[in-house]
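This report goes through one predicted model, from local sites to sheets, helices and cores. The sequence and structure come first.

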Amino acid sequence: MRADLILLNTCSVREKPVRKLLTRIGELTKHNLSGIIGICGCVAQQEGEDLLRRSPSVGFILGPGQLHRVGEALRAVDQGHRPVLTGFDTETGYDVRTIFRTSSTRGMVTVIEGCNEYCTFCVVPYTRGPEVSRPMETILQEVRSLARNGIREVELLGQTINAYRCPATGADLADLLEALAGIEGLARIRFITSHPRLFDDRLIRVLARHRHLSRYLHLPFQAGSDTVLARMRRRYTREEYLDLIGRIRAAVPDINLSTDVIVGFPGETEKDFRQTLDLLESVRFGQVFAFAYSPRPRTPAARYDAQVPEPVKKERLARLFELTDAISAELNAALVGSTLPVLIDGDSRRDPGDWQGRTEDNRVVNFPKPEATAVGDIVTVRITRASAHSLYGEAMNTGPHRLPVLDGEPSDDRATA
Ligand code: SAM
C-alpha cells in the first residue's frame, strides 16, 4: 500500500535513535512506500538539517515545538522545498481540539511541555526545550470537554509535571488537581512524571484528600547512591527521597508507587549499584522501569570518565529485574482474594473473551466479560490469580455502575501550606 504522506515520530531518550530512523527511512524508500516522508519528534529537533543531508528521500523536518506548522511544511514541499522547522516558542502552538484520541475511556492531557532540570544524563531539555506551562483555564476546559464526551480517566502529562505553574495565575499542580477533582463525570485523574525534589507536602495533602486522584504515583529515583545522584544532578539525596516516600505513604497508605532507574551511569561502582538494589528492596515499588545508561548528545554525562562497559550494565540490569519481578509478584499475590474497582479499557490482548482494565492504582486486570458490560464501565472484580505484571479475576457486580462520589468542593489549602 502506498501513502501520500508518512510521518515518522521519534524519541531520543535512549539508544541509537538516528540509526534506527535511517534504517526505517531506507526500508520505506526501498519499497517505494511513501509520497512524502516527514520526520517529527525529538530526533528531528536534535539532528535538524543533518537528517536532510543524510537522507535525500526525507521531505521535511518538524521538531516537537513546531507540530502546528505541519500544513506549512507540506505547502513548502509542494513548492519544491525541504523545510526544517525546529526550535521552541513561548507557548503551545497547536490547537488541542485537533488531537485525535484513540481511547474512549482515557485521555492524555499535556499540562507542561519541556524541561528545565538538566539532569546530566538526559537529552530532554535539548530536544523538548524549556518548560512552558499551559494556562490552567484551558486545561480545565479541555478536561471538562473530555468528561462530557465520556472519558473517565485523565492522565496529565509533563516531563516534570510538578514544576507546573499557570502563566496567568501562578497556580501550581496542587491547585490544578483540586480544580480537576471537581469535574463531574471524571472517575480518575493521574499525572506523570513528578520530580522528587519538587514534590511538596501540599501536593501530598491534595492526593490524600481526593479519593479519585490517582492511587498511583510515578516518582523516578534513578540511583540509590548519593555519589551517583550528585553526578546525575538530581538535587536530592537518597535519604531525602526515602523521607518523601515515607511522608506520601503516611498520608496515602494505599498508594502504588512506580519509578525509573538508570544502571551503569558513568562511575557507578558495584557498591553504588547495590545501594540501588537496597533502595528497591526497602521501598518495594509496584512497577519499576529500569534502563542501561545510554550516552546522549550534548549531555555532560556522555563526556564523563569511567563509562561503564556494556556487559556490566547488562549484567546489573538483569540482577535488578530479577529482584523487581520478585517484588512485583509478591505485591500482586497479596491482592489475590481482594475485590477491586476496575475501569474497563478494552479487550484483553491475550483473549478477546476477556476484558482488560485497570484498578484505581493502575494495575492491569484481566477478567471474563460478563453480560451487559462495556468499555468505560467500572466493575468490581474479585482477584483470583496474579503474576508479576498482571492480575486475573472475575466480575462481582455487573449491574449499572455508579461513579465514585466526588469528595466535595475544592478547598483552599494555601493557608495551611
Ligand atoms: N523528566 C523525567 C525525569 O527526569 O524523571 C523523565 C525523563 S525520561 C523521558 C524517562 C526516563 O528515561 C528517565 O526517568 C530515565 O530513567 C530514563 N533516561 C533518560 N535519559 C537516559 C539515558 N541517557 N540513559 C538511560 N536512561 C535514560
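## Two loop sites

G48 sits in the loop that links α2 (42–47) and α3. The model is predicted, so local features are taken only where pLDDT is at least 70, and side-chain atom pairs only at pLDDT 80 or more, while totals for chains, interfaces and linings use all residues. Residues are numbered from 1 along each chain as its sequence is written, and side-chain values use heavy atoms, with hydrogens and water left out. Helices (H or I, at least four residues) and strands (E, at least two) are DSSP runs, numbered from the N terminus.

G48 is buried, at a relative accessible area of 8%; buried means under 20% relative accessible area, exposed over 50%, and partly exposed in between (1.4 Å probe, protein chains only). Leaving aside neighbours within four places in sequence, G48 is in contact with V43, I61 and V84, where contact means heavy atoms within 4.5 Å. The C-alpha atoms of G48 and V342 are 44 Å apart, with these positions 294 residues apart along the chain.

S55 belongs to the loop between α3 (49–54) and β3 (58–62). S55 is also buried, with a relative accessible area of 6%. Not counting residues up to four places away in sequence, S55 touches L22, I25 and R82.

## Strand pairings

Two strands are said to pair if DSSP finds at least two bridges between them. The table lists three pairings.

| Strands | Sense | Bridges | Opposed residues |
|---|---|---|---|
| β5 (106–110) and β8 (153–157) | parallel | five bridges | G107 and V154 |
| β10 (216–218) and β11 (256–263) | parallel | three bridges | L217 and L257 |
| β14 (354–359) and β15 (364–368) | antiparallel | five bridges | Q356 and N366 |

The first pairing is part of an open sheet of three strands with parallel pairing, in the order β5-β8-β9. Its edge strands are β5 and β9, each pairing on one side only. From one strand to the next the twist averages 20°. Angles here run from 0 to 180 degrees between N-to-C directions, and axes are lines fitted to C-alpha atoms, for helices over the stretch in contact.

Two helices lie on strands of this sheet. Helix α6 lies across β5 and β8 and runs at about 170° to β5. Helix α7 lies across β8 and β9, at about 160° to β9.

Another open sheet, again of three strands with parallel pairing, has the order β10-β11-β12. Because β10 and β12 (287–292) are at the edges with a single partner strand each, one side of each is left without a neighbour in the sheet. On average, neighbouring strands of this sheet are turned by 15° against each other, direction ignored.

The strands β14 and β15 form a hairpin with four residues between them, and N362 takes a positive phi near 70° there. Strand β15 is mostly covered, with four of its five residues buried.

## Helix packing

Two packed helices are described by the angle between their axes and the distance between the axes. For α10 (residues 238–251) and α11 (residues 270–283) these are about 10° and 12 Å. The two helices are therefore roughly parallel to each other, a class that takes angles under 35 degrees, with over 145 as roughly antiparallel, 65 to 115 as roughly perpendicular and the rest as oblique.

On the α10 side, R238, Y241, L242, I245 and R249 meet Q275, D278, L279, S282 and V283 of α11. By class, this contact has five nonpolar, two polar and three charged residues. Here Ala, Val, Leu, Ile, Met, Phe, Trp, Tyr, Cys and Pro count as nonpolar, Asp, Glu, Lys and Arg as charged, and the others, Gly among them, as polar.

Which residues of helix α8 (residues 201–209) are buried? They are R202, L203, I204, V206 and L207. Their cover includes α7 (173–181), β9 (188–192), β10 and α10.

## Nonpolar cores

A nonpolar core is a set of buried Ala, Val, Leu, Ile, Met, Phe, Trp, Tyr and Cys residues joined through side-chain atoms within 4.5 Å. The largest has 70 residues, and L156, L176 and F199 have the most contacts inside it. Helix α6 (residues 136–148) gives the most to this core, with six residues. Apart from it lies another core, of 14 residues, including L8, I25, I39 and L52.

Not counting residues up to four places away in sequence, L156 touches V109, V111, I161, L176, L177, L180, I189, R190, F191 and I192.
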